[in-house]
Amino acid sequence: MDEELRSLAHRLRRESGGGAAFERLLLTADRDELAAELTAGERPLWAREIAAYRLGCAGDSRAFESLVLLLNHRDPDRCVGAAHALYELGDTRTPRAAAALATNELRVAYALVPVRLLTRLRAPESAPALITVLGRRLVPGDPHWRLALACVEGLGALGDARARAVLASAVPHPRLTAAASAALARLDAKPSPQGS
């Protein structure tokens, strides 16, 4: 059992109360049994989470929709587990789904994990989504500075020149100054493409 699954199992064992059903989902090698948990009626959330996580990490696309729902959950631990499984799943739909969640202003309080997932994916959708989210966070009085910082750090890691203007706008914000300056320095140090 890897560290991520061990952490999920520890958390959900408490939530579920343990028992035979929990252990069966944790240990079964039958993907069809896991997939059935995602479509069966009146199943507890912990059971769906284990099934989706295990299927996603196994590369089974039947987990995709459930994992996206968990990525947008109010419980950050569920979001983190879903992000890991989505990354392992490698579904081509993941970057678009993560970008939609990250840029949804109605769910801005839950956008931190999708932003971090976009950085990890390094997909074509990643930089534009992070640029959009960061730009919205730079208005006076915005309370989501941790999200803004994750965007700055993500854009620094992605090294996309399109982020230069929004990173420069982030520099005057005290909580973002150091990270935005470092991200800009990385952009400046990046070699120019041939012929530019």
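What is the sign of phi at glycine 17, the residue that follows H1? I found it positive, near 85°.

**Basis.** I worked on a predicted model, in which local features need pLDDT of at least 70, side-chain atom pairs count only at pLDDT 80 or more, and totals for chains, interfaces and linings use all residues. Residues are numbered from 1 along each chain as its sequence is written, and side-chain values use heavy atoms, with hydrogens and water left out.

**Entry 1, H1.** I took helices as DSSP runs (H or I, at least four residues), numbered from the N terminus. H1 has 14 residues, and I noted 20 Å from its first C-alpha to its last, close to the 20 Å expected at 1.5 Å a residue; the expected span is 1.5 Å times one less than the number of residues. At its N-terminal end I found aspartate 2 as a cap, with a side-chain oxygen 3.2 Å from the backbone nitrogen of glutamate 4. I then listed the buried residues of H1 (buried: under 20% relative accessible area, 1.4 Å probe, protein chains only): Leu5, Leu8, Ala9, Arg11, Leu12 and Ser16. They pack against H2, H4 and H6.

**Entry 2, H4.** I checked residues 45–57 and found the end C-alpha atoms 18 Å apart, which agrees with the 18 Å that 13 residues should span. I counted 10 of the 13 residues as buried, so H4 is largely enclosed by the rest of the structure. Among the buried residues are the charged-type side chains Glu49 and Arg54, as well as Trp46 and Tyr53. The cover over them includes H1, H2, H3, H5 and H6, with contact meaning heavy atoms within 4.5 Å. Just after H4, I noted a positive phi of about 80° at glycine 59.

**Entry 3, H7.** In residues 94–102, 7 of the 9 residues are buried, so I recorded H7 as largely enclosed by the rest of the structure. The buried set includes Thr94, Pro95 and Leu101. I found these buried residues of H7 packed against H5, H6, H8 and H9.

**Entry 4, largest pocket.** I searched a 1 Å grid over the protein atoms alone for pockets (open sets with protein on both sides within 12 Å along at least five of seven lines; lining residues have an atom within 4 Å of a point). The largest has a volume of about 220 Å³, taken as the space filled by probe spheres set on the points. Its lining has 16 residues, with Val108, Ala109, Tyr110, Ala111 and Leu112 nearest the centre. H10 gives the largest share, 3 residues. By class I recorded 11 nonpolar, 2 polar and 3 charged residues.

How values were computed
On a 1 Å grid over the protein atoms alone, a cavity is a set of points where a 1.4 Å probe fits but cannot get out, and a pocket is an open set with protein on both sides within 12 Å along at least five of seven lines; lining residues have an atom within 4 Å of a point. Buried means under 20% relative accessible area, exposed over 50%, partly exposed in between (1.4 Å probe, protein chains only). A polar contact is a pair of N or O atoms within 3.5 Å; within protein, one must be able to donate a hydrogen and the other to accept it, and residues adjacent in sequence count only if both atoms are side-chain atoms.
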